[in-house]
Structure formats: C-alpha cells, structure tokens
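Student: I have a new structure to read, and I want reasons along with labels. Can we go through it step by step?
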Amino acid sequence: MTPRGKKTVRDLRRGSRSTLLRRLYFDGPLSRQELGAVTGLSAGSISNVTGELLADGLIEECGSVESDGGRPRILLRVAAGRAHLVGVDVGETQVRVALFDLARTELAASDHPLSGRGHDVDHVVDLILAGLAEVLERTGTDPATVLGVGIGVPGIVEQGDPASDGLGIVVHGQTVGWDAVPLGRLLRAGTDLPLFVDNGAKTLGQAEMWFGAGRGLRHAVIALFGSGVGACVIADGARFRGATSSAGEWGHTKVHVGGRRCRCGAHGCLEAYVGAEALVERWGAAPPGDGEKAGLAALLAAAEADEPAAGALLAEAAEYLGAAIADLVNLFNPERIVIGGWAGLLLGPRLLPAIRAAATRYALRFPREQTSIVLGTLGPEAVTLGAATLPLSDFLESGGELPVRSAHPARVVPEVRA
C-alpha cells in the first residue's frame, strides 16, 4: 500500500502530462525547449511525456521555428479534433446545447425554447437530451469522442458523491421553482456520457477567466446580467464557492429594503431592478409575446430615440448596478469586474459609462481606483462555452485521460488554472 500523501509513479506521470497539456492548451503552440522553460520539467521528462501524448493523438506537430545556430524547433499543439465537448445553457427562456472541438470551435448548436411549460424539470431534461442527440447526429460525431456534457443551470448545485455516476447531482433553483431537483439522476436515464453541472454564472466566469476579459488575472468578479443576475467571484485564481457552493448569488443582495418583490420571493433584490425580466416588466411597453430579448431591445431602442420613460428606467438601472458593483469592489477588492450575459452585452455600450460613474460614487476610493469595469469579450452565448469547460477542465487535470465507455462517473470539477 502506498503511504498516505506519497505520490506514486502513476501520479507523477499524470501530473507531468497534465502540466504539459495545460501549457500547450492555453499557451501553445510551443516547442519542447519552450515547454521545458515554462514547466520546469527536465528535458528527459519533456521528451517522454510529449512522446506519449503524440502517440495518444492528443497533441500534434504544427510547424517549426528557427533556433540559434541549431536545427529548427518543432512546434506542438493540442489536437483539436481528437475529442469533443458539449456545453448546455439552461437559460431563463431556452435550453441551448452546443458541440465544440478541443479548439473551442462550435461545430453545431441546438436552441430549444422553454415554451409554456417553463422550467418544468422533465421538460428541461427532455430538451437537453434532444439537443444532445441533435448536435451529435448533425455532425456525425461518435459519442466515444465526447469528453462529457457540461451544463450551466440557474441555481445552486450539490455535486454529490464523485463516484455516483452522476446520480448525486442535485440542483436548488429557487427562482425557477427547482427544490432539490435530482438533475443527475434524471439525465443519467437518457445518456451515459460523463455529466458535469454548475451554476451558469460560474460557467460564464470560468470561460471569461480562461479565454476572455479576465484572462491573466488573479482576483476578479464576472457578473452575469441576463433575465436574472448572478456573479462568479475569483479569489487568488480560483472560483470562490462558499460552504455550500452558493457564493455569488449577487442578484439577491438587497438594494432597496422593502422594495420590489423578486422572483426568489424576497423584496428589494438587485435582480428585481436590473434583471432583463424586471426591466421589460417595469417598462411595460413591449408587445405581448415578443419575449425578453425583443422587449429589452425595444426598450433600448426607445431610450436611444430619447423616449423619457425608457431613458429614465435605464439610467436608474445603471445607478443600481453601479452601487451593487461598488459593493463587490468593497467586499472583494478585485482587479477587474467583467459584465457579461446577453442583457449585459446588449445594454453595456449605453450603460457602462454611467455604471462606472455610479461605482465610483459608492465605492471606497482606493480599491475603486485599482478596479477596472469592462464588458465581457466572449459574446452572449458564453455560458454555453463556459459549460463546455467543465469536462475540459477534468480532461486537462487528468492529463488527457479519455472517458472509459463502460462507466462514466460525474466528477467534482477541479479548479484548473490557466
């Protein structure tokens, strides 16, 4: 028996593979010499591990660069087509399922409106499974190449026992009427692919930190501004989850004691003033049945046309958002706050100057001077990409271990730092 805390040869090999894969994934293409410099691994280890990864088809050669007086150095990169990722965004109005290769290229997507059944759990599960089947069939993708299905949900996620094959994943989504929903068990009845589930704001946060406006930062907050409002807090390079993974429910912090009733049942929540659903409802001028996106676009168009009521409503929303962002500045002292989500990116170009000004008025001066407030760079569907990073995270941490098709445990998503 291996003494507790002592690493085996297999552990060391897996760690070396993981280190090289991560470097090539986030910083590649790189030569073997560059890999040695940035990882600290010996030339022998670099040679052995890259040889294994090449033999497994996980990395590939992609050209060469001249060296000082020697032979050209061969460049290596992760093989984009070796495996696939599925990302699912269980949003407020639709379920979106997308298939990606390892280069994050979206190969196919399937959008399913929630329709009149809303977030009825069985309905949502059916839409996820239908979308999964659709993107695989449309692209002719072999399920054996899929590393897993990552799902972003509106709620708090309990991961359960990592060895339970996904059966222990439970979601508490108060704003959508989900009370301890056994999402893992329900999905496992329809697919044997590995399952990874997390809060949608946290998946957005991981995407922006890895590939977008938060890349390279150690302390940041990524705010999701859509139908509802949420946040992902990054502290010292890792997502801050709290005792039960519910940290980041920023939309349910109070901005007006005794104020408007929120979907969660409480009064005065930030979401009740700046969420897209609340803004469209308060404006009250969108044609019925158009949906929140059309309603919010119409509100923005009215404000741009100098309609007083629309302009005043958006000005108030910017004030509330700025004050709430000031709270994030004072509480977490981030280097940057990134505003994302479809509503945030739609309204951001108009509201960002006012949001920054309000944050400056309400925040402590010194930490505010150290914090930039910017828009996300990954587009309105970044939650879907973020969800796909959940199985990707597991793949990189494992050193490129491909799923065993006879058993597909849903594992707790590790923190992989780019």
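Tutor: Start with the largest pocket, whose volume is about 700 Å³. Keep in mind that this is a predicted model.

Student: What makes it a pocket and not a cavity?

Tutor: A pocket is an open set of points, whereas in a cavity a 1.4 Å probe fits but cannot get out. The space of about 700 Å³ is classed as a pocket, so by that definition it is open.

Student: Which residues lie nearest the centre of the largest pocket?

Tutor: E92, V153, P154, L224 and G228 do, out of 40 lining residues. Elements giving two or more residues to this lining include strand 4 (84–90), strand 7 (146–153) and helix 9 (292–304). Strand 9 (170–173), helix 6 (200–211) and strand 13 (229–235) are also on that list.

Student: How does the lining of the largest pocket divide by residue type?

Tutor: It has 13 nonpolar, 18 polar and nine charged residues. Gly counts as polar and Pro as nonpolar.

Student: How many cavities of 30 Å³ or more are there in the whole structure?

Tutor: The search finds one. The largest cavity has a volume of about 40 Å³. A223, F225, W250, L321, I325 and I339 line it. Strand 12 (220–225) and helix 10 (308–332) each give two or more residues to that lining.

Student: Why is each residue in the lining of the largest cavity counted as nonpolar?

Tutor: Ala, Phe, Trp, Leu and Ile are on the nonpolar list. The lining is A223, F225, W250, L321, I325 and I339. So the division is six nonpolar, no polar and no charged.

Student: On to charges. Why is the R17 and E52 pair called a salt bridge?

Tutor: The rule asks for a side-chain nitrogen of Lys or Arg within 4 Å of a carboxyl oxygen of Asp or Glu. For R17 and E52 the N to O distance is 3.2 Å, so the pair meets the rule. R17 is in helix 1 (residues 9–27) and E52 in helix 3 (residues 43–55), so the bridge ties together parts 35 residues apart in sequence.

Student: Is R17 buried or exposed, and how do you know?

Tutor: Buried means under 20% relative accessible area. R17 has 6%, so the label is buried. E52 has 26%, so the label there is partly exposed.

Student: What makes R22 and E397 a salt bridge?

Tutor: Their closest N and O atoms are 3.7 Å apart, and the cut-off is 4 Å, so the pair counts. R22 lies in helix 1 and E397 in helix 13 (residues 382–397), 375 residues apart. R22 has a relative accessible area of 23%, so it is partly exposed. E397 is partly exposed too, at 31%.

Student: Why does the pair R263 and E277 qualify?

Tutor: Their N to O distance is 3.8 Å, so the pair falls within 4 Å. R263 sits in the loop between strand 14 and helix 7, and E277 in helix 8 (residues 276–283), 14 residues apart. R263 is partly exposed at 24%, and E277 is partly exposed at 28%.

Student: Which residues form a network of salt bridges?

Tutor: R13, R17, E52 and D56 are joined into one network by bridges that share partners. In total the rule gives 22 salt bridges.

Student: Now the surface. What makes F240 eligible for a patch?

Tutor: Patch residues need over 30% relative accessible area. F240 has 41% and is partly exposed, so it passes that cut-off. F240, L331 and F332 make a nonpolar patch of about 310 Å². F240 is in the loop between strand 14 (238–239) and helix 7 (271–274).

Student: What is notable about the backbone of A180?

Tutor: A180 has a positive phi of about 55° although it is not a glycine. It is in strand 10 (residues 178–181). At 37% it counts as partly exposed.

Student: Why is S245 called buried?

Tutor: Its relative accessible area is 14%, and the buried label needs under 20%, so S245 fits. S245 has a positive phi as well, near 65°.

Student: Which residues does a cis peptide bond join?

Tutor: G28 and P29, with omega about 5°. P29 is in the loop between helix 1 and strand 1 (30–31).

Note on methods
Residues numbered from 1 in each chain as written. Predicted model: local features only at pLDDT ≥ 70, side-chain atom pairs only at ≥ 80, totals over all residues. Heavy atoms only, no water. Patch = residues over 30% accessible without salt bridge, like charges linked within 9 Å, V, L, I, M, F, W, Y side chains within 5 Å. Areas by Shrake-Rupley, 256 points an atom, 1.4 Å probe, with all protein chains shown as cover. Helix = DSSP H or I, 4+ residues; strand = E, 2+ residues; numbered from the N terminus. Buried < 20%, exposed > 50% of the residue type's maximum accessible area, 1.4 Å probe, protein only. 1 Å grid on protein atoms, 1.4 Å probe; cavity = no way out; pocket = protein on both sides within 12 Å on 5 of 7 lines; lining within 4 Å. Points joined across faces, edges and corners; volume = space filled by probe spheres on them.
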